[in-house]
Amino acid sequence: MFGKLFGKKKEPEAKPVTEATPDDWNRADKPAPAAEGDCSISFENHGVTHPVKPGTSILDAALDAGVDLNNYCGGMCSCGSCRIIFVSGNVSEMDDMEEATLSVVEETDDDRLGCQTKILGHVVVTVPPQDF
Ligand code: FES
């Protein structure tokens, strides 16, 4: 019955087949990810160093470590309240969305958004004064 109403089911088009896997695409031009236990973050103006899993956001690490870091939009990259000052270490690159939000609240050339910046090694940051 439905075949008459909607016509015959269309066969999916053949897709090109490659031998590459998603792991191959992720490896291109990227450093090997840090192993578990090789990542930590130091909040230098709080005297706190906290171990994290690779890929943890600075915001999540701050909250887990008990460091106050504003996050008015809940990490949705729309408020800029999670701004931190990057000091050193291996972190994810800034994408267009972070750059756009950060441009509104940026105060130094080393600013990043804690909710968007992923920890990929031993990282040191400064947390600006928080306005609660
Ligand atoms: S928490 Fe709002 S931009 Fe990061």
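Select Ile41 together with Val123, and you will see that Ile41 stands opposite Val123 in β5, where strands, like helices, are DSSP runs numbered from the N terminus (E, at least two residues, for strands; H or I, at least four, for helices). This is a predicted model, in which local features need pLDDT of at least 70 and side-chain atom pairs count only at pLDDT 80 or more, while totals for chains, interfaces and linings use all residues. Residues are numbered from 1 along each chain as its sequence is written.

**Strand β1 and its two partners**

Extend the selection to the whole of β1 (40–43) and show its side chains. Ile41 and Phe43 point to one face and are buried, while Ser40 and Ser42 point to the other face and are not buried; a residue counts as buried if 20 or more other C-beta atoms lie within 10 Å of its own, as exposed if 12 or fewer do, and as partly exposed in between, with C-beta atoms placed from the backbone. Now add β5 (122–126), which runs parallel to β1 and is joined to it by 4 bridges; the bridge partner of Ser40 in β5 is His122. Strands are said to pair if DSSP finds at least two bridges between them.

Turn next to β2 (48–51), which pairs with β1 in the antiparallel sense, again over 4 bridges. Here Ser42 has Thr49 as its bridge partner. The hairpin of β1 and β2 has 4 residues between the strands, and Gly47 takes a positive phi near 65° in it.

**The whole sheet**

With all strands displayed, follow the order β2-β1-β5-β3-β4, which describes an open sheet of 5 strands with mixed pairing. β2 and β4 (111–113) stand at the edges with a single partner strand each, so one side of each has no neighbour in the sheet. From one strand to the next the twist averages 35°, the angles being taken, on a scale from 0 to 180 degrees, between the N-to-C directions of axes fitted to C-alpha atoms.

**Helix α3 against the sheet**

Select residues 58–65, which form helix α3, and colour its buried residues, Ile58, Leu59, Ala61 and Ala62. Looking down the axis of α3, you will find these buried residues within an arc of 165°, so they line one face of the helix; the arc is that of the directions from the helix axis to the C-beta atoms. What covers them includes β1, β2, β3 (83–88) and β5. Just after α3, Gly66 takes a positive phi of about 80°.

Which residues touch the most other members of the largest nonpolar core? Among its 19 residues they are Ile41, Ile58, Ala62, Ile119 and Val125, where such a core is a set of buried Ala, Val, Leu, Ile, Met, Phe, Trp, Tyr and Cys residues joined through C-beta atoms within 7 Å. β1, α3 and β5 each supply at least two residues of this core, and the largest share, 4 residues, comes from α3.

Centre the view on Ile58, which touches Ile41, Ile84, Gly114, Thr117, Ile119 and Val125, not counting residues up to four places away in sequence; two residues are in contact if their C-beta atoms, placed from the backbone, lie within 7 Å.

**From Ile58 to Ile84 and Thr117**

Two of these contacts are worth selecting in turn. Ile84 lies in strand β3 and counts as buried, with 24 C-beta neighbours inside 10 Å. Ile84 and Leu113 are 29 residues apart in sequence, yet their C-alpha atoms are 6.1 Å apart in space. Leaving aside neighbours within four places in sequence, the contacts of Ile84 include Ile58, Arg112 and Val125.

Is Thr117, in the loop between β4 and β5, buried or exposed? Thr117 is buried, with 23 other C-beta atoms within 10 Å. Beyond four places in sequence, Thr117 touches Ser57, Ile58, Val91, Ser92 and Arg112, and from C-alpha to C-alpha it lies 9.7 Å from Phe86, which is 31 residues away in sequence.

**A last stop, then the overview**

Move to Cys77 in the loop between α3 and β3, which has a positive phi of about 65° although it is not a glycine. Cys77 is partly exposed, with 17 other C-beta atoms within 10 Å.

Finally, display the entire protein, whose 4 helices and 5 strands run α-α-β-β-α-β-α-β-β from the N terminus on. Buried residues make up 21% of its 132 residues, and among contacts between residues at least 6 apart in sequence, 64% join residues at least 24 apart.
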